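Here is a chat between a visitor and a guide, written for someone at home at the bench. Please take a look at the molecule first.

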Amino acid sequence: MTQSAPDLPAELKTMVQRFQRATEPKRRYEQLLWLAQKLDSFPEGQKIEENKVSGCVSQVYVTASLQDGKVLYCGDSDAQLTKGLLAFLIKGLNGSSPEEIVRLTPDFIQDTGLAVSLTPSRANGFHNIFKKMQTLALALCTHQES
């Protein structure tokens, strides 16, 4: 069962809708590659084990910080399509509260149409990136409460 669109943070909902309009898998891949190119640079010094997403074939790194109660992610990957998936999540989740992110389920990937054209390893990578981002948000939630 997919989450209803109103439950998604506004920017993530916009991102999902943008991918829904791309009817061909090739266009969706082009959008991912474009997002990868637009991702802010990630400091080399942050490419450490603690920031690495485990379970990904590619090297993927993600960090999160809290600014005015909203989560801001940064990240990088050595594979362009994976970097595009990461950029999709960063763009879609940045500015959300930690609680909003923790409550999300990754079902929204189905609504983008990407799930059907991702290889099993990329789909798994997407889920691992999403789970890492949720774990970071949860840590920020816990940190915020103390």
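What follows is a set of questions and answers on the core, the helix packing, the charged pairs and a few single residues.

Guide: Welcome! This is a predicted model, in which local features need pLDDT of at least 70 and side-chain atom pairs count only at pLDDT 80 or more, while totals for chains, interfaces and linings use all residues. Residues are numbered from 1 along each chain as its sequence is written, and side-chain values use heavy atoms, with hydrogens and water left out.

Visitor: Which element gives the largest share of the largest nonpolar core?

Guide: A nonpolar core is a set of buried Ala, Val, Leu, Ile, Met, Phe, Trp, Tyr and Cys residues joined through side-chain atoms within 4.5 Å; buried means under 20% relative accessible area, exposed over 50%, and partly exposed in between (1.4 Å probe, protein chains only). The largest one here has 35 residues, and Y73, F88, L89, L93 and F108 have the most contacts inside it. Two or more residues come from each of α1 (10-21), α2 (25-38), β1 (60-67), β2 (70-77), α3 (80-93), α5 (108-112) and α6 (120-145), where helices (H or I, at least four residues) and strands (E, at least two) are DSSP runs numbered from the N terminus. The largest share, 8 residues, comes from α3.

Visitor: Which residues does Y73 touch, beyond those up to four places away in sequence?

Guide: Y73 is among the residues with the most contacts inside the core. Contact means heavy atoms within 4.5 Å. With residues up to four places away left out, the partners of Y73 are V62, T63, A64, I90, L93, N94, I101, M133, Q134, L136 and A137.

Visitor: How are α1 and α3 oriented to each other?

Guide: Two packed helices are described by the angle between their axes and the distance between the axes. Axes are lines fitted to C-alpha atoms, for helices over the stretch in contact, and angles run from 0 to 180 degrees between N-to-C directions; under 35 degrees counts as roughly parallel, over 145 as roughly antiparallel, 65 to 115 as roughly perpendicular and the rest as oblique. For α1 and α3, the axes come within 6 Å and cross at roughly 135°. The orientation of α1 and α3 is therefore oblique.

Visitor: How many nonpolar, polar and charged residues make the contact of α1 with α3?

Guide: From α1 come E11, L12, M15, V16, R18 and F19, which meet F88, K91, G92 and L93 of α3. Ala, Val, Leu, Ile, Met, Phe, Trp, Tyr, Cys and Pro count as nonpolar, Asp, Glu, Lys and Arg as charged, and the others, Gly among them, as polar. The count is 6 nonpolar, 1 polar and 3 charged.

Visitor: And how are α2 and α3 oriented to each other?

Guide: Here the axes of α2 and α3 come within 7 Å and cross at roughly 75°. Therefore α2 and α3 are roughly perpendicular.

Visitor: Which residue forms a salt bridge with K91?

Guide: A salt bridge is a side-chain nitrogen of Lys or Arg within 4 Å of a carboxyl oxygen of Asp or Glu, and the whole structure has 6 of them. K91 in α3 pairs with a residue in α1, 80 residues apart. K91 is partly exposed, at 37% relative accessibility. With the closest N and O atoms 3.6 Å apart, the partner of K91 is E11.

Visitor: Which residues form salt bridges with E30?

Guide: E30 is partly exposed at 33% relative accessibility. One partner lies 4 residues away in α2, about one helical turn, and another lies 3 residues away in that helix. The closest N and O atoms are 3.3 Å apart for K26 and 2.7 Å apart for R27.

Visitor: Is C141 buried or exposed?

Guide: C141 lies in helix α6. Leaving aside neighbours within four places in sequence, C141 is in contact with P98 and E99. At 7% relative accessibility, C141 counts as buried.

Visitor: What is the phi of D68?

Guide: D68 sits in the loop between β1 and β2 and is exposed, at 74% relative accessibility. Although D68 is not a glycine, its phi is positive, at about 55°.
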